[in-house]
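Reader: I am in my first year and I would like to look slowly at a single part of a structure. Could you take me through its sheet, strand by strand, and then through what lies beside it?

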Amino acid sequence: MSSHKHQEFIEAIATPGEGGAGLLNVLVVDDSAIVRQVLAAVLSEKRGFRVTVAADPIIAMDKMKKFPPDVILLDLEMPRMDGMTFLEKLMSQNPIPVVVCSGLTGPRTEEAIRALEIGAVDLITKPKVGIRGFLEESAVLLEDTVKAAAKAKLNKFRMLRGKSAKYNSADVVIPPVAVPSGPQQREKIVAIGASTGGTEALLQILEQMPEDCPGIVTVQHMPEGFTAAFAKRLNGVCRIEVKEAADGDKVVPGRAYIAPGNRHTIVRRIGPTYFLEVREGPLVSRHRPSVNVLFRSVAQAAGSSAVGILMTGMGDDGADGLLEMKQADAFTVAQDEASCVVFGMPREAILRGAAEEILSLSKIPSAILRNSFARKP
């Protein structure tokens, strides 16, 4: 990339945001000078961040002594010390919220999923340098991910293992319709939404599901290219089958579907059968896939035959959708604060009166089964 074009790119993504005190200190650890510059430009002081950069973990450890970070953005492939080794050292010696910044292809996706198991709180994809149409969405997702990581309660990860953009509602993807209330003779279906902290929380839920459980459709905020590896990881440890959702999939008992990154997933019903529609569309509630989109579609397709679960994550994606599910007589649950890594999404649902029950993570699996096999009248 020429120096002129590179400067245009930096200026394009360094869009103004809210300034002021209380900046979050972010350490970017990546051996690519361009990636370091781009991330530093996105996470500007105007957006509420103070950025330090390091070309490898050795330099990073030295800079951490002078500028203790609130969040670390970490590449996994670097000279002198690889990112995975650095992450393991951090988690064992000095836990700090880490967001893995990885490529999209090959073994990197599998390695990024392993980083979540070790203790990284989230992952993002590396900026698509030079693709101008991607810039603003990239900045929004990066900003939200880093802010969520800063709020994450790292001890919850250890326990589990042991305004810069227009805010769209679900209307831009799926229009609202009146849903008949009262009992309906339909197959049971479970919809789950999660974000920061959700990968390990979902594992805890899905590994307890029996082979005859209702079909489960899940939105876990995760970038394109990583949801397939995440589904594969879950499939390897759960009794039920877990797969990345594909357009046209039939929702069947004993199977869980993970919404693919960068696509909205919608449940449709034809007669007694549920099918999945995977489509493009704008960010909804600052996310794609959006929990609000999934939950609205399930409210419309299943009504009282559905179970909705909103779990750990920052922001309010899913809160309005869970309320729509409750209004359609579905059974709705919000994860409680004590067991959340980040309480934002469930908290917003609770404030809206969307949750029929507020439960700890350990009690959610039994609630799903209880209300799937014997829904109260």
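In what order do the five strands of the open sheet lie, and is their pairing parallel or antiparallel?

Author: Please keep in mind that this is a predicted model. The five strands of the open sheet follow the order 2-1-3-4-5, and their pairing is parallel. At the edges lie strand 2, residues 49-54, and strand 5, residues 122-125, each of which pairs on one side only. Averaged over the sheet and with direction ignored, neighbouring strands are turned by 25° against each other.

Let us begin at the edge formed by strand 2. Strand 2 is paired in the parallel sense with strand 1 over six bridges, and two residue pairs let you find this pairing in the picture: Leu24 has Phe49 of strand 2 as its bridge partner, while Leu27 stands opposite Thr52, again in strand 2. If you follow the chain here, you will see that strand 1, helix 2 (residues 33-42) and strand 2 together make a β-α-β unit, and that this unit is right-handed.

Strand 1 also pairs with strand 3, once more in the parallel sense, and here there are four bridges; a useful place to look is Val29, which stands opposite Leu74 in strand 3. Going on along the order of the sheet, strand 3 (residues 71-74) is joined to strand 4 (residues 98-102) by three bridges, and these two strands run parallel. Within this pairing, Ile72 has Val98 in strand 4 as its bridge partner.

Now turn to what packs on the sheet. Helix 4, residues 83-93, packs there and touches strand 1 (24-29), strand 3 and strand 4, and its direction makes about 160° with that of strand 3.

For a comparison with a contact between helices, look further along the chain, at helix 10 (residues 291-302) and helix 11 (residues 319-327), whose axes come within 7 Å and cross at roughly 10°. Because of that crossing angle, helix 10 is roughly parallel to helix 11. Helix 10 brings Asn292, Phe295, Arg296, Val298 and Ala299 to this contact, where they meet Ala319, Asp320, Gly321, Leu322, Glu324 and Met325 of helix 11. Sorted by class, the residues in the contact of helix 10 with helix 11 are six nonpolar, two polar and three charged.

Methods:
Residues numbered from 1 in each chain as written. Predicted model: local features only at pLDDT ≥ 70, side-chain atom pairs only at ≥ 80, totals over all residues. Heavy atoms only, no water. Pairing = 2+ DSSP bridges. Axes fitted to C-alpha atoms, helices over the stretch in contact; angles between N-to-C directions. Contact = heavy atoms within 4.5 Å. Parallel < 35°, antiparallel > 145°, perpendicular 65-115°, else oblique. Nonpolar A, V, L, I, M, F, W, Y, C, P; charged D, E, K, R; others polar. Right-handed = clockwise from strand over helix to strand, strands pointing away.
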